[in-house]
Amino acid sequence: MSGDGALERLRREGRIVIVGASLAGLRAAETLRKEGFTGSLTLIGDEPHEPYDRPPLSKQVLLGHASADRTELPRRHGLDAQWRLGVAAAGLDMAAGRVRLDDGDEVEYDRLLITTGVRARPWPHPAEAELDGVFVLRTRDDAARLQRRLAASPRRVLVIGAGFTGSEIASACRERGLPVTVAERGAAPLVGALGGVIGQVAAELQRAHGVDLRCGIMVTGLEGDSAGRLRRAHLSDGTSIDTDVAVVSLGATRNTEWLAGSGLGAGPRGIACDAGCRAFDVRGIVTDDIFVAGDVARSPHALFGYQFLSLEHWGNAVAQAATAAHNMISSSSERRPHLWVPAFWSSQFGVNIKSVGVPSLGEEVIVAQGSLADHRFTGVYGYQGRVIAAVSFDQTKWLEFYQRQIESGAPFPPEYSSVDRRTEGLRPVPADFPDPSLPTHGPTVTVSGYSPTDQRITFTPGRG
Amino acid sequence: MRLVVDLNRCQGYAQCAFLAPDVFAMHGEESLLYNPHAEEAQREQVLRAATACPVQAILVEDTDEAPATMGEGLSGVR
């Protein structure tokens with residue numbers, strides 16, 4: 001593409017293909033039309049469903065308050081799009097500008113956006129994963145199957161892995177009155193995302209709600225009966241649990257296999273892209289016609305030492321999709337960086353957990369407000385003397401303040417006195433992450449402004 | 001009618017749960033649970049809730065753009 005004429009032609013009659021028809025793909029398509037793209041727009045999705053929302057699947061849907069097949073996302077703009085649903089992308093020819101589909105069809109593009117997301121990591125033993133009663137939860141079909149089984153009142157549900165999804169599933173099961181065992185390899189639930197200090201609170205919540213929580217434990221085998229139905233799980237401490245449902249909640253795998261051999265910088269950790277959402281090829285050169293957004297993307301974030309962040313967050317998909325779409329049809333001087341401050345939420349055991357920033361970068365955590373013992377608090381994470389993240393349990397109202405602190409590189413521990421500071425919050429303690437990221441020393445960067453259009457990057461020299 | 005709530009924005013003011021209690025409900029002190037596919041009969045209440053939300057976290061499908069014509073099959077144009 002060279003010159004404004006080519007860009008105008010692209011905006012008027014170009015061909016844009018979006019591979020991945022979920023939240024990020026839909027929001028990108030809406031942004032493209034809103035910003036005046038009038039060419040052809042094709043959305044390709046491997047699931048046979050139009051874009052739907054996933055967060056309700058592990059909450060409202062499992063509780064029976066909403067139906068798994070009725071979480072389609074609302075539309076804000078007419079899309080005038082060609083939908084290819086129920087067919088996965090199978091290959092990419094970067095030189096020819098062509099996506100190959102697994103039904104043999106090919107779709108040509110002038111600009112490609114990849115939003116293929118992630119899928120649930122399956123149970124590692126295929127024969128055991130096939131047992132009737134073994135589930136994962138990622139898609140609406142997964143949720144419908146699991147919800148039906150829970151409604152049939154199983155004797156016990158075993159949740160394998162106590163990350164956010166596993167914890168939410170356990171919460172829904174307890175609310176339905178089902179006996180639940182949670183097996184977590186780490187020292188506490190949520191320990192990878194929030195660290196051991198906060199993880200202990202999550203453990204207390206689970207036990208207070210009647211979960212048989214077993215930490216530091218791995219499930220070593222799932223055993224079926226002669227009819228192929230799950231009946232027992234074996235644990236690494238030599239014990240076993242009689243159960244007829246096991247939900248495997250061991251995180252996600254990025255959907256990048258279809259790009260193998262394409263020359264794009266894609267692999268098990270996702271697709272690397274620059275802050276403008278342009279994908280890197282395997283040589284480390286940024287492409288100019290292939291963009292990435294959502295769970296499958298890894299992009300450098302100025303606020304976090306330019307480390308490449310992969311964020312499996314709803315809000316990230318929304319924000320990055322809008323940025324990618326804008327950049328796809330903009331000249332280089334009009335392009336914007338994806339500077340969204342990571343944020344997520346989880347609802348479990350009646351508690352609203354929300355976070356901003358990147359807690360897993362935190363070296364220390366301080367309970368700035370409230371109390372861990374009350375299960376109602378705001379924890380603030382520090383990294384190299386800066387506020388890097390915050391998490392709240394039923395204290396959402398304080399989070400926006402800490403987001404501004406993160407954006408402005410405010411010093412850690414906080415130097416001000418805050419409302420409702422308790423004695424336990426007077427001193428930071430190690431955040432106790434199982435595998436802390438190694439910090440790198442470099443210049444610090446702060447983000448200012450409130451809307452993506454007026455965000456600016458300001459360099460501050462490194463503090464030595 | 002389809003709706004989605006940006007729960008990053010939601011601060012648990014619970015205005016929606018007062019205005020459209022059949023669609024939005026508080027779960028615990030601060031968590032909001034909602035039905036992403038509200039009955040058409042709830043439209044007026046849902047729109048009122050979306051308007052009243054202090055942080056404007058509720059997104060409701062624009063009826064004029066409802067994708068009613070989207071095919072159930074493997075592909076479709078609209």
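**Salt bridges and a buried serine in the predicted model**

The side chains of Arg2(B) and Glu50(A) form a salt bridge, with an N to O distance of 3.0 Å. Arg2(B) is located in the segment before β1 (3-5) of chain B, whereas Glu50(A) belongs to the loop between β2 and α3 of chain A, so this pair joins two chains. The structure described here is a predicted model. Arg2(B) has a relative accessibility of 10%, which means that this residue counts as buried. Glu50(A), at 13% relative accessibility, is likewise classed as buried, because buried residues are those under 20%.

Glu50(A) also takes part in a salt bridge with Arg75(A), in which the N to O distance is 2.6 Å. Within chain A, Glu50(A) occupies the loop between β2 (40-45) and α3 (60-63), and Arg75(A) the loop between α3 and β3 (82-85); the pair therefore ties together parts that are 25 residues apart in sequence. Arg75(A), like Glu50(A), is buried. Glu50(A) thus meets Arg2(B) in one salt bridge and Arg75(A) in another.

Such pairs recur elsewhere in the model. Over all chains, the count of salt bridges comes to 34. Side chains of opposite charge can pair when their charged atoms come close. One of the pairs consists of Glu223(A) and Arg231(A), whose closest N and O atoms are 3.0 Å apart. Arg231(A) has a relative accessibility of 36% and therefore counts as partly exposed, whereas Arg2(B), at 10%, counts as buried. Salt bridges also link several residues of chain A into a network, which comprises Arg15(A), Asp93(A), Arg98(A), Glu106(A), Glu108(A) and Asp110(A).

A further set of interactions involves Ser346(A), a residue of strand β24 (residues 343-348) in chain A. The relative accessibility of Ser346(A) is 0%, so this serine counts as buried. The side chain of Ser346(A) takes part in polar contacts with two side chains: that of Glu168(A), at 2.7 Å, and that of Gln348(A), at 2.9 Å. When neighbours within four places in sequence are set aside, the residues in contact with Ser346(A) are Phe164(A), Glu168(A), Val351(A), Asn352(A) and Ile353(A). Glu168(A) accordingly appears both in this list of contacts and as a polar partner of the serine side chain.

Note on methods: Residues are numbered from 1 along each chain as its sequence is written. Chains are lettered from A and ligands numbered from 1 in the order in which they are written. This is a predicted model: local features need pLDDT of at least 70, side-chain atom pairs count only at pLDDT 80 or more; totals for chains, interfaces and linings use all residues. Side-chain values use heavy atoms; hydrogens and water are left out. Helices (H or I, at least four residues) and strands (E, at least two) are DSSP runs, numbered from the N terminus. Buried means under 20% relative accessible area, exposed over 50%, partly exposed in between (1.4 Å probe, protein chains only). A polar contact is a pair of N or O atoms within 3.5 Å; within protein, one must be able to donate a hydrogen and the other to accept it, and residues adjacent in sequence count only if both atoms are side-chain atoms. Contact means heavy atoms within 4.5 Å. A salt bridge is a side-chain nitrogen of Lys or Arg within 4 Å of a carboxyl oxygen of Asp or Glu.
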